[in-house]
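Please look through the sequence and the model shown here before reading on. The questions that follow go through it step by step.

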Amino acid sequence: MEISLCKRFLVVFGATTLLAQPVDWNKAGPEAVGHFMELLRIDTTNPPGNETKAAKYLQSILEKEGIPCKLLAFDPDRANLVARLKGNGSKRPILVMGHTDVVGVQKEKWTFDPFIPTRKDGFIYARGAVDDKDNVTAGLMLMILLKRLNVKLDRDVIFLAEAGEESSTRFGIDFLVREHWSEIEAEYALAEGGVTITRDGKVRYVGIGTTEKVVRIMRLIARGEAGHGSRPTPDNPVLRLTTAVTKVGTWRPPMRLNDTTRAYFERLATISPPEAARRYNHITAAVEKYFSEHELHHDSLLRTTIVPTILKAGFRSNVIPSEAEATLDVRTLPDEDVPAFYAEMRRIIGDPKVELIPPVRPGRPVSRPSRLDTEMFRALEHTQRRMFPGAITLPSMSTGATDLAQLRAKGVEAYGFGPMVEERDTHGAHGDDERIAESSIPKLVEFLWHTVLEVAATR
Ligand SMILES: [Zn+2]
């Protein structure tokens, strides 16, 4: 009893302290949107990236505010920017991160010019609107506000605008972790990898990324004797390969939840209609089948998945080729025993003439999920309750990949957060007509502000 009272007091006390910080959101909101529009105007399509242009814009703003920052570049055209506000050192730093590069566009499929941000019906359309110049803007505004309001900090707050997140991490996070670790080393990190889902404009849940699957692109190669198409052979590589692909492609490895996905389904149940809640609370074989037909995202969270994506075989209609090859997009659970999993794949295929070739490139590192019992995760939950009462915080495992993986592998408790997005909006990351609700930008800044203040400000 005493403990719960005390806890409740702390929460109330914390909120009161934070409220005392006088941010004028009527001014900070439009200022944030202004920087956001400027960043969207800078074409940082990767490749080639040219992230230095965005880094220099950020540098000019930060320097005007008197915030120390520097550019760190593996390639001069692809600079990363690091800025730091010093705390009293009684706690370890927080890293707030966003990536300045964006993926390419098929311009002819866009209604608007992807690099001239356009306002329409409450939305801003541009490449990078939700991936990831929103987070870059939030990080920039956080630094500006902390500095202007002269907030006393227990920890350093580091802002990193990184290059090369979209498939060229050697220019960004890999380079920084390897050669400039002391510049970004932190106890906690916040970056993309979460999303705040709204239904009819009302926030339903704040998804916080705490772990992600590991991408392992693999190949299967079947070999046999070449021959004439008029004479069937027992070891035709085309047949061996397609049989093997069918076997592994339809195999469903055993389901396994981790701390994140267990909490995800439990909490999702609390805001779902009774029938759905029952499914989330008791994932039986029948529920697994239901997910595989109706909730593909949930199906993919339950297990390591194997999806055949490319087949290559043959060159003439009347020649049996000596080789046939398939590409598999394999996404392993964070705690998968990979050598044992490969051995199981070989057993399922059951054909020594089909070779399984593990990924050639190492990809992002494996790490355990970030914890749900940290000061940072609690702060994220407090911010959700404060800004979106009635919603819930949902720890989430991404089936995609982000640069938080490299930080988690270094022992950082790293969390993904993101803007408000309507649950069925199809103009998302990497899509045509990528867009964000304009009101999402100030909210994202505010969300970051309250969270960082609770964990870093001196009381
Ligand atoms: Zn991204």
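**Strands and a zinc site**

Q: How many bridges join strand 5 to strand 19?
A: Strands here are DSSP runs of E with at least two residues, helices are runs of H or I with at least four, and both are numbered from the N terminus. Two strands pair if DSSP finds at least two bridges between them. Strand 5 and strand 19 run antiparallel, and the number of bridges joining them is three.

This is a predicted model, in which local features need pLDDT of at least 70 and side-chain atom pairs count only at pLDDT 80 or more, while totals for chains, interfaces and linings use all residues. Residues are numbered from 1 along each chain as its sequence is written, and side-chain values use heavy atoms, with hydrogens and water left out.

Q: Which residue in strand 19 stands opposite Tyr125?
A: Strand 5 and strand 19 are joined by bridges. Opposite Tyr125, the residue standing in strand 19 is Arg435.

Q: Which strands stand at the edges of the open sheet 4-5-19?
A: The three strands of this open sheet pair in an antiparallel way, in the order 4-5-19. Two of them have a single partner strand each, so one side of each is left without a neighbour in the sheet; these are strand 4 (118-120) and strand 19 (435-437).

Q: Which residue is the bridge partner of Leu220 in strand 14?
A: Strand 10 (residues 214-223) runs antiparallel to strand 14, and 10 bridges join the two. Within strand 14, the bridge partner of Leu220 is Ala326.

Q: How many of the 10 residues of strand 14 are buried?
A: A residue is called buried under 20% relative accessible area, exposed over 50%, and partly exposed in between, using a 1.4 Å probe and protein chains only. Strand 14 (residues 323-332) is mostly covered, and its number of buried residues is eight.

Q: Which residues are the protein donors of the zinc ion?
A: Donors are N, O and S atoms within 2.8 Å of the metal (3.2 Å for Na, K and Ca), and because water is not among the atoms, sites may look incomplete. The donor atoms lie 1.9 to 2.8 Å from the zinc ion, and they belong to His99 (NE2), Asp131 (OD), and, with two OE atoms, Glu192.

Q: Is Asp131 buried or exposed?
A: Asp131 lies in the loop between strand 5 (123-125) and helix 4 (133-148). Its relative accessible area is 8%, so Asp131 is buried.
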